[in-house]
Amino acid sequence: MLQEKKYSNEFKYKMILRRANLNYLLVLLLIIYAFVINWISANIGLLPIDTFAFFDSGFSILNNKLPLRDFWIFTGLLVDYLQALFFLIFGSSWSSYVLHACFINIIASLSFYFFLIRLNLEKLYSFIYAISFATLCYPVSGTPFAYLHSYIFSLISIFILCIAIQEKRNSFWLSLPIVFFLAFFSMQTPSFYIILIILIFSFYFLIIKKNFIGLKFFLIGGISGLIGMFVFLYITSTPLDNFFYQYFLFPLTIGAGRLTNDPNAYVTLMDQINFQRLFGNFKFIHLFLLPLIFFTIKLFLEKEKSYTKTINIIIISSVIAFLFNQLVTANQIFIFSLIPIIASLLHISLKKLKNSYIYFFIILSLLAFSTIKFHDRYNIERKFLDLEELDKKNAIEAKIIDKKLEYLKWISKYSEPQEEIDLIMKAIETIKEDDREKILITHYQFFSLILNNNINILNRWYLWDNNTHPTETHKYFGFYKKMVNRNLSKNKIKVIYLLGRGMKFEKIKNYFTDSCFKSTKVIEGKFSYHEIINCKI
């Protein structure tokens, strides 16, 4: 009898060890895959205004030129500082830039995998859904992108909320507000909509359900986040008005204009209310979302006693919020990684309802099809960067510009790769020979890093439609103009360079108070410089 018990215990131990080894193996494979798939995608082509959005700004931080304080950003604050950290640790190069996005893709994929494990989904199924997620998440951009950081941290905060409710773990309530602070300071939307959802469910499960210990931890986390924000502003000597104008007041004018259908807005909500935008572009999301709604209702009708239906409601609400945000922003679609999330919850719901295995086969087949489809369209053909129609075989190794851009295959929608590279190399040569203090206004925001010389950027982005910074027609233009002139005076700027199509000096000369300029066109319509001169001459 004792011998049988001994063998039984040994068998159980071996099974536990085997499962643990399987879990370690799946986690390792997921990490490798999430890294490789993003690395491959990131190096295929570029859209300068988005691809290099955090390149020079991250490098500027290492040179004590800080976003909000020294140049206009209006969003993406956390992404800037994370990129500065990656440059500091791994060196200032394109590979460090891509590594940042790969790391976030790994964090997001692992968070989703462990979320499914917590929901008692089998490890192999959890791995399959996580692989799909890793394919469809960060690789659509490949390089740091504020919306994706915010989207991912918002998703992680949703996962934490669901587990906090299911397991009644107070440590999760503590971390929840900290994570949604990370989401908000990556990008105000979609995080704002997700925070509202989290607050509604937190109010119910903490106050209505009288979980006052959990509420205490939640408040501690929230207060810690607020304290951290003000400590950051103090340490970086960032004026409060800079912070509020750039991160709250100006972005509110963009959102309000789109929601109220302002004719001056870049896009309005009413423009987006059509069949193609509502259903055509998101049909694969709806293909999983509508059955999830149906089976969630069925779980309520059958009075199923687990937290599955509650978690489903949270996820369904969040998916609707992400869809709404996608419509309002009118960006390229970056939320296809919701498909494996919805599919996995549909899988779990069907298990609870003890449905036939044919349903699981259908779910996994549709998941595989949609993953392959969007991988090809977004990760290989690079639709997110508007490169879908271009032949990627024409791409040129960007290291011919500088070895710091090694691994990037240069091709963009603006012009032929060689023509664009020749323009950039001409600009590098001209700016390098000029030892005066200067500002460069361009979408190619990598010159500071390439030249290892901080070129005093004014903005992260330069669009003249009141969507990236206030122009003369905007009510906050006075504040922006004052900040620009402070930059000019503080850094003793002598010359302003403009590089790229659409960079016309007529659009910016009114930003500068009491300054006169002598203008020189180096390449007509593409590259010019403007020396500050005495207005009396």
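A search of the whole structure, which I should say at once is a predicted model, finds 4 cavities of 30 Å³ or more. The largest cavity holds about 50 Å³ of space, and the residues that line the largest cavity are Ser60, Lys65, Asp70, Phe71, Asn454, Asn456, Ile457, Asn487 and Asn491. Sorted by class, that lining comprises 2 nonpolar, 5 polar and 2 charged residues. As a general point, rolling a probe the size of a water molecule over the atoms is what shows where empty space is left.

Let me set beside that the second largest pocket, where about 320 Å³ of space lies. Its lining is made of Leu77, Leu78, Tyr81, Ile178, Phe181, Leu182, Phe185, Gly225, Gly228, Met229 and Phe232, and by class these are 9 nonpolar and 2 polar residues, with no charged residues. Which helices supply at least two residues each to this lining? They are helix H4, residues 77–90, helix H8, residues 170–184, and helix H10, residues 212–235, and of the contributions to the lining of the second largest pocket that of H10 is the most, with 4 residues.

Now to helix H3, residues 55–62, since Ser60 of the cavity lining is also among the buried residues of H3. How many of the 8 residues of H3 are buried? The count is 7 of 8, so by the under 20% cut-off for relative accessible area H3 is mostly covered. The buried residues are Phe55, Asp56, Ser57, Gly58, Phe59, Ser60 and Ile61, and they pack against H4, against helix H5, residues 94–118, and against helix H19, residues 447–451.

After H3 comes the backbone detail that I would ask you to look at in the model. H3 is followed by Asn64, whose phi is positive, near 60°, and Leu68, in the loop between H3 and H4, also has a positive phi, near 75°, in a residue other than glycine. In general, most residues other than glycine have a negative phi, and most peptide bonds are trans. Is Leu68 buried or exposed? Leu68 is buried, because its relative accessible area is 0%.

The loop between H3 and H4 also holds Thr75, which counts as buried because its relative accessible area is 1%. Leaving aside residues up to four places away in sequence, Thr75 touches Asp80, Ser186, Met187, Gln188, Tyr247, Arg460 and Trp461.

A further positive phi, about 65°, belongs to Asn466, which is not a glycine and lies in the loop between H19 and helix H20, residues 477–490. Asn466 counts as buried because its relative accessibility is 18%, and the cut-off for that class is under 20%.

On the peptide bonds themselves, Thr189 and Pro190 are joined by a cis bond, with omega about 10°, and Pro190 is found in helix H9, residues 188–208.

Turning to the largest nonpolar core, there are 178 residues in it, and the ones that touch the most other members are Tyr151, Ile335, Trp410, Phe447 and Ile496. Helix H7, residues 146–167, gives the most to this core, with 16 residues. For Ile496, and again not counting residues up to four places away in sequence, the contacts are Ile439, Ile441, Leu488, Ile508, Phe512, Phe517, Ser528, Tyr529 and His530.

Finally, the cysteines: how many disulfides does the structure hold? The number is 0. Cys137 has no bonded partner because the closest cysteine sulfur, in Cys102, is 12 Å from its own sulfur, too far for a bond, the cut-off being within 2.5 Å. Cys162 is likewise in no disulfide, the nearest cysteine sulfur being that of Cys137, 17 Å away. As for their surroundings, Cys137 counts as buried, with 0% relative accessibility, and Cys162 counts as buried, also at 0%.

Conventions: Residues numbered from 1 in each chain as written. Predicted model: local features only at pLDDT ≥ 70, side-chain atom pairs only at ≥ 80, totals over all residues. Heavy atoms only, no water. Core = buried A, V, L, I, M, F, W, Y, C linked by side-chain atoms within 4.5 Å. Buried < 20%, exposed > 50% of the residue type's maximum accessible area, 1.4 Å probe, protein only. Contact = heavy atoms within 4.5 Å. 1 Å grid on protein atoms, 1.4 Å probe; cavity = no way out; pocket = protein on both sides within 12 Å on 5 of 7 lines; lining within 4 Å. Points joined across faces, edges and corners; volume = space filled by probe spheres on them. Nonpolar A, V, L, I, M, F, W, Y, C, P; charged D, E, K, R; others polar.
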